[in-house]
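Please walk me through this structure, step by step, in a way that suits someone who has not met it before.

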Amino acid sequence: MSFKDCIQDAMDDPEVSASKAHGKEAQRIWEEQAAAYERQGYSRRSAEEMAGADVKEYFKRKSGDDLHRALAEAQVRQSIQKRVADHAKPHKSAATSVERMEMESRGLLQYARNRLTNYLRDHHQNLLNKMTKPAEQINIVRALSGEKVDDAAANAMADSIRSVVEELRLFFNEAGGVIRKLENYDVPHRHNPSALRRAGKKAWVNRLLDDGMIDWTGVENYATGRPFQVGETKPPRETLERFLGEIWDNIVFGKAGQGRRSLVSRRAEARVLKFASADKWMEYNKDFGDGDFFKTLMGHLNAMADDIAALRTFGADMEKGIQFEIDVARERAKAEGRSELVNTVWDGWAKGMAKVFRGPGMAPQDREVIASLMSTVRHVMTAGMLDRAIVPSISDFSSAFLTANAAGLNKGNIFSAYAQNLKAMIAEGRMTTEMAMQHRWAMSTLSDAGGAVARFHHDVPGAEWAETLSSMAMKVQGLSQHTDNLRFALNLEFWGKFAREAKNGFDSIDPDFRRALDDYGIRAEDWEKFRNGPKYTAGAQGRKLDRNDPLYRKIADPLEAQGLETGDLEVWSPVNGEAVPAADFLNPHHWLANTDLPRREAMDIFMKFQGFVEEWQERAVPTNRLQARAIFDPTAYGMVPGTFVYEVMKSAGMFKSFVGAFTINQIRLLHFAPDMKSRATHGAYLVGGMTALGAVAQVTLDVLSGNDPSNVNPVENPAFWWKAMLRGGGLGPIGDIMQAGEMRYGGGFSSYLAGPGVNLTQDLWSLTYGNLSEVMEGKDPRWQKDVIRILRRNTPLADTPLAGPAVQRLIFDELHKIIDPEAQKTLRKAAAARKRNTGNDAFWPIGSTLPERAPNLGAIIGGQ
């Protein structure tokens with residue numbers, strides 16, 4: 001009796017407990033393997049015996065995988081139960097867990113980037129989103145593919161990338177995933193589902209097989225645990241077609257190829273195919289991947305960080321994990337007889353945030369063009385409307401001050417590090433300064449060109465040129481550099497604070513800092529493991545100074561004059577010649593890379609402490625808080641890109657998640673304050689600091705727009721201070737409405753709520769239908785005015801600091817004069833309206849080709 005017949009008898013026998021699905025799977029694998037062995041020259045009997053052994057090995061491995069996953073799921077469920085039991089407000093437990101999952105993902109992503117600091121310093125996207133050193137980048141791909149490359153730098157970079165990718169694989173498996181180590185694994189790969197769907201399954205499969213793209217000696221057959229091809233004998237084409245067809249289904253429809261059905265194994269998809277050469281990989285990646293190696297690698301790091309954090313927090317099925325946490329919280333509420341702990345609003349918020357974290361689904365095939373087009377339009381609008389975002393971002397210093405004050409951090413250290421590294425950025429002409437290199441810190445802009453854009457706007461991919469425009473707008477004005485630099489300065493202070501407190505037990509830590517740690521769920525046992533871990537000493541870049549060096553004495557003498565010991569003091573001289581004392585740092589990234597703790601335990605500690613840093617960093621520099629995005633992002637409500645409701649909601653929500661993030665951050669800081677006096681103090685600092693910095697931003701914007709600074713006298717111009725307060729809190733458009741009756745991109749309060757997309761639609765409607773109607777009614781159309789209005793409001797980079805007045809006066813005003821006979825009249829009315837609404841004169845008036853004078857700085861106090 002053959003193996004297949006034995007399996008069939010077992011399935012037919014009512015006395016035998018056998019899964020018919022598993023039985024059919026075993027029969028299929030046995031038949032395919034037996035046929036394959038026969039083709040290789042084995043006798044039928046030997047082929048059947050070898051195929052039977054393969055089936056046994058397959059189910060043995062599958063059983064081990066299932067046990068590994070089950071144990072990981074059990075650990076996750078225990079963690080969830082503990083989180084609910086420890087949460088003071090259990091009805092918020094699931095939402096809190098989702099937010100912390102995102103913070104832990106951010107921390108792990110930064111860890112991976114930091115491990116690639118040398119690579120990112122030399123290989124990143126420039127102002128035009130083009131890769132620096134493209135030739136060396138190709139050599140790196142060749143080295144990763146196992147090809148011999150006569151380029152020491154490329155080989156070293158390839159080794160670093162392999163190391164990071166392998167470390168993330170181990171983290172993923174430790175969390176319950178199943179990605180086996182593949183020998184000679186080369187380049188991380190990400191498939192583009194839309195590209196595969198457009199090509200179609202048959203064409204895609206034929207392309208890979210006919211063009212010889214795949215090296216089948218390096219592709220694992222799950223049934224045997226061995227490669228599909230051994231030696232020169234190739235497997236049957238129908239076997240490969242079925243295998244590739246399952247992969248296509250898995251990528252396009254989310255179906256699981258070869259038994260893969262959940263998050264724990266879906267990351268293995270990108271490792272399934274081993275390409276025949278670097279050239280074949282680049283050819284495939286161009287047509288069916290991310291387009292270039294850099295995007296693929298960064299996307300891989302991002303996706304792995306997300307999945308590891310999700311696995312650790314909720315298990316293989318995020319939705320089921322969240323529901324389990326909600327159910328446990330409700331059971332606690334029932335046991336305690338507290339009906340107020342059952343809150344469906346927070347339950348829905350948790351599920352909505354999880355959807356946003358996971359990202360929007362793929363647009364329906366018939367809506368794909370619409371989704372891409374609308375995303376492209378929003379990217380262009382972002383470049384056109386946020387090209388001066390650096391000015392109001394001055395208020396980041398106020399929120400950083402408030403955050404540092406609440407957590408017991410040294411505010412002077414933060415702003416000193418910011419200034420020092422900014423100076424180094426300018427002097428060295430790059431973002432990865434020697435100061436950043438000392439700490440192995442990779443600025444996120446180098447790996448995520450749209451990172452600064454994401455502070456204000458998230459979207460599905462649009463046209464590449466539009467994404468380049470929006471990221472360029474952030475870089476040109478310096479917003480990317482500012483955001484990254486302030487985040488780096490905050491991390492330095494957190495690491496320094498950790499090191500300064502490391503000598504203390506948990507109960508002896510600075511009270512404010514201890515409350516912050518405790519509020520995030522860090523306990524005494526966590527602190528003991530972390531504080532006794534590896535630290536390092538760093539100063540500014542340069543050489544270590546001798547005690548008799550004048551620069552050393554500049555630091556030591558004042559300390560000794562106060563009777564302090566300086567025997568252990570180290571001072572380093574940076575490139576700029578300023579003496580800076582060395583300091584100890586307890587950096588979670590360095591700690592994880594060098595700790596002796598077991599990997600899972602080390603990951604638990606790292607995730608807690610770096611997640612804590614990420615949470616407080618978000619409070620200091622508002623970027624893209626998940627809770628705020630879940631309010632405005634249609635993905636949270638189950639909408640799909642390309643559909644009418646999704647696109648309307650997405651456009652209406654533009655630029656609002658930043659305001660939401662800022663507001664949520666301040667509410668949390670107020671709640672964190674220990675008593676009413678502290679809350680009142682925080683509130684006073686908040687209003688005062690935001691108003692003061694908002695005033696600075698407004699006056700700066702006045703001058704950058706070609707106008708004299710606004711009169712800040714509260715008696716003569718009280719509206720200025722209302723607008724300053726709103727601008728300092730991220731509500732500049734509302735300030736514009738209060739003062740001028742409309743926003744910069746047009747419209748009043750209703751238009752603000754509806755989003756800039758509505759105004760653009762109205763402008764386009766007026767340009768087309770409105771003018772056509774006037775022609776049909778025998779009236780003279782004013783299309784020229786409509787064209788100029790659209791260009792002024794939406795042209796990318798048109799209002800970039802320092803260039804804005806020149807673009808408006810020399811391009812748009814002059815173009816207006818050329819195409820519109822009534823331009824002079826329109827420009828005079830615009831100048832009068834601006835004067836009436838703001839009260840300040842213009843030194844470069846509307847309609848003038850050159851400035852008439854220098855700005856009247858005396859106008860700031862009402863002077864003439």
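**Salt bridges, cores and a helix**

E428 is partly exposed, with a relative accessible area of 26%. This is a value from a predicted model, and the partner of E428 in a salt bridge is R430, with the closest N and O atoms 3.6 Å apart. R430 is likewise partly exposed, its relative accessible area being 32%.

A second pair can be found at D510 and K497, whose side chains meet in a salt bridge with an N to O distance of 3.8 Å. D510 lies in the loop between α23 and α24 whereas K497 belongs to helix α23, so the pair ties together parts that are 13 residues apart in sequence. D510 counts as partly exposed at 24% relative accessibility, while K497, with a relative accessible area of 7%, is buried; the cut-off that separates the two descriptions is 20%, since buried means under that value.

A third pair is formed by D841 and K835, where the side chains meet in a salt bridge at 2.7 Å from N to O. D841 is partly exposed with a relative accessible area of 36%, and K835 counts as partly exposed too, at 34% relative accessibility. Beyond such pairs, E99, E615, R619, R625 and R668 are joined into one network by salt bridges that share partners. How many salt bridges does a search of the whole structure find? The search gives 58.

The loop that holds D510 leads on to helix α24, which spans residues 511-519 and has F513, A516 and L517 as its buried residues. These buried residues cover an arc of only 95° around the axis, which means that they lie on the same side of α24. Which elements cover them? Among them are α18 (396-407), α23 (479-501), α25 (524-531), α28 (599-620) and α31 (656-672), so that α23, the helix in which K497 sits, is also part of this cover. Just after α24, the backbone at G521 takes a positive phi of about 95°.

From the surroundings of one helix we can turn to the nonpolar interior. The largest nonpolar core has 122 residues, of which Y119, W204 and F612 touch the most other members. The largest share of this core, 10 residues, comes from α28, a helix that was already named among those covering the buried residues of α24. To see what W204 touches, one can leave aside its neighbours within four places in sequence, and W204 is then in contact with L196, L244, I247, W248, L273, Y284 and F288. A second core, separate from the largest one, has 24 residues and includes I80, V98, M318 and F357.

Two loop residues complete the tour, each with a positive phi. R440 has a positive phi of about 55° although it is not a glycine, and its place is in the loop between α20 (434-438) and α21 (444-447). At 35% relative accessibility, R440 counts as partly exposed. L797, which is not a glycine either, has a positive phi of about 65°, and L797 is found in the loop between α37 (783-794) and α38 (804-819). The relative accessibility of L797 is 21%, and L797 therefore counts as partly exposed, given that a residue is called buried under 20%.

Technical notes: Residues are numbered from 1 along each chain as its sequence is written. This is a predicted model: local features need pLDDT of at least 70, side-chain atom pairs count only at pLDDT 80 or more; totals for chains, interfaces and linings use all residues. Side-chain values use heavy atoms; hydrogens and water are left out. Buried means under 20% relative accessible area, exposed over 50%, partly exposed in between (1.4 Å probe, protein chains only). Helices (H or I, at least four residues) and strands (E, at least two) are DSSP runs, numbered from the N terminus. The arc is that of the directions from the helix axis to the C-beta atoms. Contact means heavy atoms within 4.5 Å. A salt bridge is a side-chain nitrogen of Lys or Arg within 4 Å of a carboxyl oxygen of Asp or Glu. A nonpolar core is a set of buried Ala, Val, Leu, Ile, Met, Phe, Trp, Tyr and Cys residues joined through side-chain atoms within 4.5 Å.
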